[in-house]
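User: Please examine the model below and justify the terms applied to its side-chain contacts and burial.

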Amino acid sequence: MTTNIDNLVVLFATTSGASGDLLGSDEKELIQLVWQVVDLANKKTGKLNEVFIRPKHLELTDECKEESGVAEETISSAEPLGNALNQFNQRLIAEVDGASLCLCTDGQLHIRQVIHPEASSKNIMLPECFYSFFDLRKEFKKNFPSSADLKDLDIQVMANYLNITTDSSADTSAALNVQSMASIVLALISEPVCYNFTHPERVNEKFETGTCSKMERVDDNTVIRARGLPWQSSDQDIARFFRGLNIAKGGAALCLNAQGRRNGEALVRFVNEEHRDLALQRHKHHMGNRYIEVYKATGEDFLKIAGGTSNEVAHFLSKENQIIVRMRGLPFTATAEDVLLFFSPACPVTGGKDGILFVKYPDGRPTGDAFVLFSCEEYAQNALKKHKEILGKRYIELFKSTAAEVQQVLNRYTSAPLIPIAPAPIIPVLPQPPFVPPPGVRDCVRLRGLPYIATIEDILEFLGEFTADIRPHGVHMVLNQQGRPSGDSFIQMKSAERAFMTAQKCHKKTMKDRYVEVFQCSAEEMNIVLMGGTLNRNGLSPPPSVVPADATALYQPQVLLNPRPMQPTPAFYPASAQLFMNYTAYYPSAPTLGAQPGALVRMHGLAYNNGVKEILNIVQGYQSPPESMALVNSLCGQPSSSDALVTLPALLSAKQSLQDRGHMHLGGPFLDLQLL
């Protein structure tokens, strides 16, 4: 858009930290504004103006003292930022006397990386003039394309190119820079150049929400990944963190974990590469008390999170300038009328039923999630005050949401189930992977009690110096039957010695306010747990598979049933369901079990109230049906407090049971297993 401008306000900002190309990269506060008005019509300059600013932290870096020449005593008596900006605006308006004006700075940093971010963090409303400006370096490059590259241009290079001599009588370096910039502007607007300043840079006043199609092309050089966000952050909070930089419409996408909850990351799409590069300079800047990590990302990453294909979602999000609130934990029977009643009358929903979007599985079953539109911030804040209030018989969680989160949640639930359910196929046994050591080598560690939101990066940080001893791809998260984190993980180390040291040094260290137990174990134990088995104080139990008795002859020793969890029963496994497991898959070095004769094991030291169920837990995985167990009764006909007899179908199983589980503890005295 072409703009007719009467005056250019040449502005230079100084912070208490780095200057030059690093200005604003260290989050240091403003301490000085220097400016001078250039009358474009009359080609003359006004007086030099200066205002000092008192920061919250008065300490100046040595670089700042040397470059700016400003002393701490000078700024200690100055006005805070809000008052200083008011002084700047009033003096500027008085000088131009109603004529149009536009700021002009040396590059992008003064406006985008210093003034806007600091004003945003301090909740200060900036005057209108700070939302448009001319980048003197870009304007100079347009006129003199044969000059130095844009990244190499600075005030001194431009002045030398135009043979402008600088006045060294200025009190501070900022004043000297402003005078030099004013001279460069005069040279540009005068003959023979006669340049017109007509297309200023724009700073977005607010973030625009919107949708993104998966078919849209997104430039890889415009996307970043922000990590470490507070879990309750919204897209507006992200836009506030990047204030001064122009985010593309709908370009802030919060990432969700496997459970549909925010994981503290977001993908942000900017209008061009220049703004993306400026965003990368905000790496480890703070949002509240948290520092945010900023990394490069790709357009494909952004489309995976924010891209959508649902017409229903597009229609729901077509109402612009609406605030989205996510409801989680709804009763499955909840209707639109229930939701409207839940929010009325303090916070009416935009469009009534049309402002509510229920999230459903592909088969139409409700997920317990919904998104609701509100027309203004006041209504949304009133709605969020109902967080954890009761609807039906359940409390409802409420969060401020984004258009990208709506797309992501709908994509997650409607494209495919979170945990694909398929019949358990019969597959051939695969050869043991090359990284699995011989049986008995305890070169793994088990982490128990992890926070459910823990990631692999959190585990690596938790292990610290022992991270270097982890085998490639050696971190394995254990999931429960619903596909959610169980709080356990296994780590494969390079040697048993390093696994032992890891368990010794890291046991009961804290991760996210929880202490984590670390134990040394073997790869065999790890494999069985990852395949659905259990590893607890009762020993190691491979995952069972239920197979009819007349079908066991169909399976050869080299065939494995994909493990499926058995439904729990109130007592023990019924006699009609025979347990069958081919252990050559779990223990490749073991011979076929069917060739071994049976054996009788005596269990001595049982508590008086132990029954068949407790004995089954002890011999779980050794193919012992309930009818093969007998409690030894006392003379009075009651179970004794000492003995039971168990028939194991294989001698190898009996020996293994004695080796693994001899002298166990089962709710009473230690248990003694003897082979008869």
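Analyst: The following exchange concerns cysteines, salt bridges and burial in this predicted model.

User: How do you know that C129 is in no disulfide?

Analyst: A disulfide requires two cysteine sulfur atoms within 2.5 Å. The nearest cysteine sulfur to that of C129 belongs to C102 and is 8.8 Å away, so the criterion is not met. The structure as a whole holds zero disulfides.

User: Why is C129 called buried?

Analyst: The relative accessible area of C129 is 13%, and buried means under 20%; C129 therefore qualifies. C255, with a value of 5%, is buried as well.

User: What makes the contact of E265 with R225 a salt bridge?

Analyst: The closest N and O atoms of E265 and R225 are 2.9 Å apart, and the cut-off is 4 Å, so the pair counts as a salt bridge. E265 belongs to strand β10 and R225 to strand β8, 40 residues apart. With a relative accessible area of 16%, E265 is buried.

User: Why is the pair K400 and E377 said to tie together separate parts of the chain?

Analyst: Their salt bridge has its closest N and O atoms 2.8 Å apart. K400 lies in strand β19 and E377 in helix α13, so the pair joins parts that are 23 residues apart in sequence.

User: What makes E377 partly exposed, and K400 buried?

Analyst: Partly exposed covers values between the 20% and 50% limits; E377, at 35%, therefore falls in that class. K400 is at 18%, under the 20% limit, and is therefore buried.

Technical notes: Residues numbered from 1 in each chain as written. Predicted model: local features only at pLDDT ≥ 70, side-chain atom pairs only at ≥ 80, totals over all residues. Heavy atoms only, no water. Buried < 20%, exposed > 50% of the residue type's maximum accessible area, 1.4 Å probe, protein only. Salt bridge = Lys/Arg side-chain N within 4 Å of Asp/Glu carboxyl O. Helix = DSSP H or I, 4+ residues; strand = E, 2+ residues; numbered from the N terminus.
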